[in-house]
Structures are given as structure tokens and as C-alpha cells.
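Me: I am new to this structure. Please walk me through its sheet and one of its charged residues.

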Amino acid sequence: MVKLKSCSLSETENIAQNIAKNLVGNEIIAFFGDLGVGKTAFIRGIAKYFNIENEVSSPTFSIINEYQTDKFKIYHFDMYRVNTLEDLESTGFFDYIDVGVLLIEWSENIENFIPKNAIKVLIEKTSDENERIITIEGDENFENTCR
């Protein structure tokens, strides 16, 4: 596990780009954190690394956005409105496991269904309006490069 401090949206995106360097195409990254902490900014950083030109926004109403990289697809889920197993099944979530990189906002809502090998990213606010503490667990490559 590694804890990092970000003092701006651009720093959060840079941290995300460092994670993106190690992605091979079948990872699941589960994001945890309150509304407005920067989960979508983190995902925007991953998209920047792969030169994704589409606007990256949280798929709150569509549940999933799909982005194509040169190497693989990225599936961006928003589980904010998902509260039951039936809700989760209706998103098609289980069909996407192992077919691309899954980036899941509001993972708190589906925590029991997230595979054990998922990378977990917790983003927390501090007393400073722009500062965030980002805790990353489960990405050994990232952890080794940040120590």
C-alpha cells in the first residue's frame, strides 16, 4: 500500500498517469471516496496517458463509458446508482471482467463483487480544499516505483 498527497487536480492526474504506465489490459481499478474528491480526475489522468481524445466524464446516467486505446479498451463504470446485485447484473458488469481495463467509480456500492486482485484507490479530502490523500493498494509495480 502506498499513500500519496496531491495538491491539485493536475497532480492527481499525474499520479494516475504513473499507474497507467503499468496497465496491460485486464486490470480492475476500484475507486473509493466521497462526492467531489477527484475520482473522475484520476480517471482523466489514465485517459491522458493513453492519448484518449474523448471527453472523460463520469457516466452517472449511462453507467458505463468506453474508451479505445492503441492496445486495449477501457471501461469506465459509475456505480453511484447501483445498490443491489440485480442492479449490478443489469449493467453487464460481469461480462466486462477480463476484456479490458475496468475503472469503477463508487466501488463502495459493489465492494462485495469486486475481484480480490483489483487495484483499490481511495481518495480523501483534507482540511485544505485542494489537497487529497490518495491511498493505492494492490498495484505492486506502482508501489515499487514510488518508494
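Reply: One term first: two strands pair if DSSP finds at least two bridges between them. Keep in mind that this is a predicted model.

Me: In what order do the 7 strands of the open sheet lie?
Reply: The sheet is open, and its pairing is mixed. The twist averages 20° from one strand to the next. Read across, the strand order is S1-S7-S6-S2-S5-S4-S3.

Me: Which are the edge strands?
Reply: An edge strand pairs on one side only. That holds for the strand at 2-6 and the strand at 64-68. These are S1 and S3.

Me: How many bridges join S6 to S7?
Reply: S6 covers residues 119-125, and S7 covers residues 132-137. The two run antiparallel. Lys 120 stands opposite Glu 137 in S7. The number of bridges joining S6 to S7 is 6.

Me: What angle does helix H1 make with S1?
Reply: H1 spans residues 9-20 and packs on the sheet. It touches S1, S2 and S7. Its direction and that of S1 make an angle of about 145°.

Me: Which strands does helix H2 touch?
Reply: H2, residues 39-49, also packs on the sheet. Its direction makes about 150° with that of S2. The strands touched are S2, S4, S5, S6 and S7.

Me: Which side chain of opposite charge is nearest to Asp 78?
Reply: Asp 78 lies in strand S4. It is buried yet has no salt bridge. A salt bridge needs the charged atoms within 4 Å. The nearest side chain of opposite charge is 6.9 Å away, and it belongs to Arg 81.

Me: Which residue has its backbone nitrogen 2.8 Å from a polar atom of the Asp 78 side chain?
Reply: Asp 78 has no salt bridge. Its side chain does have a polar atom 2.8 Å from a backbone nitrogen. That nitrogen belongs to Tyr 80.

Key. Residues numbered from 1 in each chain as written. Predicted model: local features only at pLDDT ≥ 70, side-chain atom pairs only at ≥ 80, totals over all residues. Heavy atoms only, no water. Helix = DSSP H or I, 4+ residues; strand = E, 2+ residues; numbered from the N terminus. Axes fitted to C-alpha atoms, helices over the stretch in contact; angles between N-to-C directions. Contact = heavy atoms within 4.5 Å. Buried < 20%, exposed > 50% of the residue type's maximum accessible area, 1.4 Å probe, protein only. Lys, Arg positive; Asp, Glu negative; His and termini not counted. Polar contact = N/O pair within 3.5 Å; in protein donor to acceptor, adjacent residues only side chain to side chain.
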